[in-house]
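Welcome! Take a moment to turn the model around on your screen before reading on. The notes below will walk you through it topic by topic.

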Amino acid sequence: MKTFTDERGTIEDLKVGKDWSVTYISFKKGAVRGNHFHKETIQTDIILSGRLVHSNHSGDRVVKEGDVVVHTEYEPHAYMAIEASEMV
C-alpha cells in the first residue's frame, strides 16, 4: 500500500484489488486536489467529513459529509477544501 503526504493532506491506499482500490484522502483547509481525469476508470468519492467545492464539466457545487460523487471516464474533476475534509 502507498501513502503520500504533503502540505495539502494525505492520500493513502487502504485496499487495492485487481480492478479497483479504496483510497483515503484528507484535505487541509484551502487544499486543491484532483484537477485531472481518468481515461479508463470510474471514480466514486464518499465525503466522510468537511465541505469541499467540487468542480467538473457541469460547474461548481459544494459537497459535504455523506455526499457521493461519481466521475466517469474522461470527466475532468477537482476539489477545493472549504474546511478540513476527508473522503474515500
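A salt bridge is a side-chain nitrogen of Lys or Arg within 4 Å of a carboxyl oxygen of Asp or Glu. Keep that cut-off in mind, because the closest N and O atoms of arginine 8 and aspartate 6 are 2.7 Å apart, and the two therefore form a salt bridge. Please also remember that this is a predicted model.

**Salt bridges**

- Side chains of opposite charge can pair when their charged atoms come close.
- How many salt bridges does the structure hold? The count is four.
- Aspartate 6 takes part in the bridge with arginine 8, and aspartate 6 also meets the side chain of arginine 33 in a salt bridge, at 3.8 Å from N to O.
- Arginine 33 lies in strand 4 and aspartate 6 in strand 1, so this pair ties together parts of the chain that are 27 residues apart in sequence.
- Asp6, Arg8 and Arg33 are thus linked in a network of salt bridges.
- Are arginine 33 and aspartate 6 buried or exposed? Both are buried, and for aspartate 6 the relative accessible area is 17%.
- Arginine 8 is partly exposed, because its relative accessible area is 28% and that class runs between 20% and 50%.
- Elsewhere, aspartate 67 forms a salt bridge with lysine 64, with 3.9 Å between the closest N and O atoms.
- Aspartate 67 is partly exposed at 22% relative accessible area, and lysine 64 is partly exposed too, at 45%.

**Aromatic rings**

- A pair of aromatic rings is described by the distance of the centres and the angle of the planes.
- The structure has two aromatic pairs.
- One of them joins phenylalanine 27 and tyrosine 79, whose ring centres are 6.1 Å apart and whose planes make an angle of 70°.
- Why does this pair count as edge-to-face? The angle is 70°, and planes over 60 degrees apart are given that name, so the pair is edge-to-face.
- Phenylalanine 27 belongs to strand 3 and tyrosine 79 to strand 9, so the pair links distant parts of the chain, 52 residues apart.
- Both rings belong to buried residues: phenylalanine 27 has a relative accessible area of 3%, and tyrosine 79 has 4%.
- Phenylalanine 27 has a charged partner as well: the charged end of arginine 33 sits over its ring, 5.8 Å from the centre.

**The largest pocket**

- Rolling a probe the size of a water molecule over the atoms shows where empty space is left.
- The largest pocket holds about 750 Å³ of space.
- Its lining has 26 residues, and the closest to the centre are Ser21, Thr23, Ile25, His38 and Gln43.
- Which strand gives the most to the lining of the largest pocket? Strand 3 does, with five residues.
- Other strands supply at least two residues each, including strand 1 (3-6), strand 2 (9-16) and strand 9 (77-81).
- Sorted by class, the lining is made up of 11 nonpolar, 10 polar and five charged residues.

**Glycine 50 and its surroundings**

- Glycine 50 lies in the loop between strand 5 and strand 6 (51-56), and it is buried, with a relative accessible area of 13%.
- The C-alpha atoms of glycine 50 and phenylalanine 27 are separated by 8.9 Å, although the two residues are 23 residues apart along the chain.
- Isoleucine 82 is 32 residues from glycine 50 along the chain, yet their C-alpha atoms are separated by 7.7 Å.
- Isoleucine 82 is found in the loop between strand 9 and strand 10 (85-87), where it counts as partly exposed at 25% relative accessibility.

**Positive phi angles**

- Where does asparagine 35 lie? Asparagine 35 is in strand 4, and its phi is near 55°, a positive value in a residue other than glycine.
- Asparagine 35 counts as exposed, because its relative accessibility is 63% and exposed means over 50%.
- Tyrosine 74 has a positive phi too, near 65°, and its place is in the loop between strand 8 (68-71) and strand 9.
- At 53% relative accessibility, tyrosine 74 is also exposed.

Key
Residues numbered from 1 in each chain as written. Predicted model: local features only at pLDDT ≥ 70, side-chain atom pairs only at ≥ 80, totals over all residues. Heavy atoms only, no water. 1 Å grid on protein atoms, 1.4 Å probe; cavity = no way out; pocket = protein on both sides within 12 Å on 5 of 7 lines; lining within 4 Å. Points joined across faces, edges and corners; volume = space filled by probe spheres on them. Helix = DSSP H or I, 4+ residues; strand = E, 2+ residues; numbered from the N terminus. Nonpolar A, V, L, I, M, F, W, Y, C, P; charged D, E, K, R; others polar. Phe/Tyr/Trp six-rings, centres within 6.5 Å; stacked < 30°, edge-to-face > 60°. Buried < 20%, exposed > 50% of the residue type's maximum accessible area, 1.4 Å probe, protein only. Lys NZ or Arg CZ within 6 Å of the ring centre and 35° of its normal.
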